[in-house]
Amino acid sequence: MKKWAKNPWVLGIGTTVIGGVLLSLLLDWIQGIDWLSTFKNVMRFIFNGVVSFLNFEIKVWWLLIAIAIIVVGLFVVAKISGSQSNNIPPTFLQYTKDYMLGYSWEWTYSKMYDGKYTISNLHPVCTKCGMRLKQGGLYGTEMECLRCNTTQNWEDSVEYDAQLLIEDNIRKNYSQNQ
Ligand SMILES: [Zn+2]
């Protein structure tokens, strides 16, 4: 750079002049553009795009296929999530007999609408032969085995107590949430 060019005065004035020229050129260019019509064109472009999208010709069978795909997809998802939670039977389902409160008990399990199991068909059986006991006696206060011809005192509340004990055994001896 020549010596005069390093002079701060020359530098300052030069920068100002060049900057001013560039700025005025830029302003002229901006003013030269027809902003209003450009804006209108952009808006028209967007508007036309929206209108043509909304007027898009939809075939009914496209809709039917789309609905079918959604339905099948939902069905598959429900099947997969359902089989994951229901495929493995809980281990306590093998626990169907026990001796408690002076009686031998047998029972089954019923699956509820929510997928949980409940004890059903709970009844006392003969401790000797395993036959289901028959409620008898004057006021139903006895249980008798028709094969062994034995009788045993009975109270109806015993069955409910047995169910509570079974439920508690399941809770304590088998995995939870089942
Ligand atoms: Zn018996």
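Where is Asn149 found? Keep that residue in mind as a destination, since the tour of this predicted model ends there.

Begin with the whole protein chain, coloured by the domain assignment, which gives domain 1 as residues 3-83 and domain 2 as residues 91-173. If you place a marker at the C-alpha centre of each, you will find domain 1 and domain 2 lying 76 Å apart.

Next, select residues 9-30 and 60-78, where UniProt, in an unreviewed entry, places the feature "transmembrane region". Over residues 9-30 the chain is 100% helix and 0% strand, with 31 Å between the end C-alpha atoms. The span 60-78 is likewise given as 100% helix and 0% strand, and its end C-alpha atoms lie 27 Å apart.

Move now to the zinc ion and show the side chains of Cys126, Cys129, Cys145 and Cys148, whose SG atoms coordinate the metal at 2.2 to 2.4 Å. The angles that these 4 donor atoms subtend around the zinc ion run from 103 to 114°, which makes the arrangement tetrahedral. Along the chain the donors follow the spacing C-x2-C-x15-C-x2-C. Cys129 sits in the loop between β3 (117-125) and β4 (134-136), while Cys145 belongs to strand β5 (residues 142-145), so this pair ties together parts that are 16 residues apart in sequence. With a surface displayed, compare the two: Cys129 is partly exposed, at a relative accessible area of 38%, whereas Cys145 is buried, at 2%.

From the metal site, turn to the largest nonpolar core, which has 18 residues and in which Trp105, Trp107 and Ile166 have the most contacts. The elements that give two or more residues to this core are β2 (103-111), β3, β5 and α4 (157-173). Centre the view on Trp105 and list its neighbours beyond four places in sequence: among them are Met100, Leu122, His123, Pro124, Trp154, Val158 and Ala162.

Two backbone details complete the route. Select Leu101, in the loop between β1 (97-100) and β2, and read its phi, which is positive at about 60° although the residue is not a glycine. Leu101 counts as partly exposed, with 45% relative accessibility.

The last stop is Asn149, which is found in the loop between β5 and β6 (150-153). Here too phi is positive, at about 60°, in a residue that is not a glycine, and Asn149 counts as exposed at 69% relative accessibility.

Terms used: Residues numbered from 1 in each chain as written. Predicted model: local features only at pLDDT ≥ 70, side-chain atom pairs only at ≥ 80, totals over all residues. Heavy atoms only, no water. Donors = N, O, S within 2.8 Å, 3.2 Å for Na, K, Ca; no water. Tetrahedral: all angles 85-135°; square planar, octahedral: opposite > 155°, others 65-115°. Helix = DSSP H or I, 4+ residues; strand = E, 2+ residues; numbered from the N terminus. Buried < 20%, exposed > 50% of the residue type's maximum accessible area, 1.4 Å probe, protein only. Domains from an automatic or database assignment. UniProt positions renumbered as here; feature names shortened; annotations may be inferred. Core = buried A, V, L, I, M, F, W, Y, C linked by side-chain atoms within 4.5 Å. Contact = heavy atoms within 4.5 Å.
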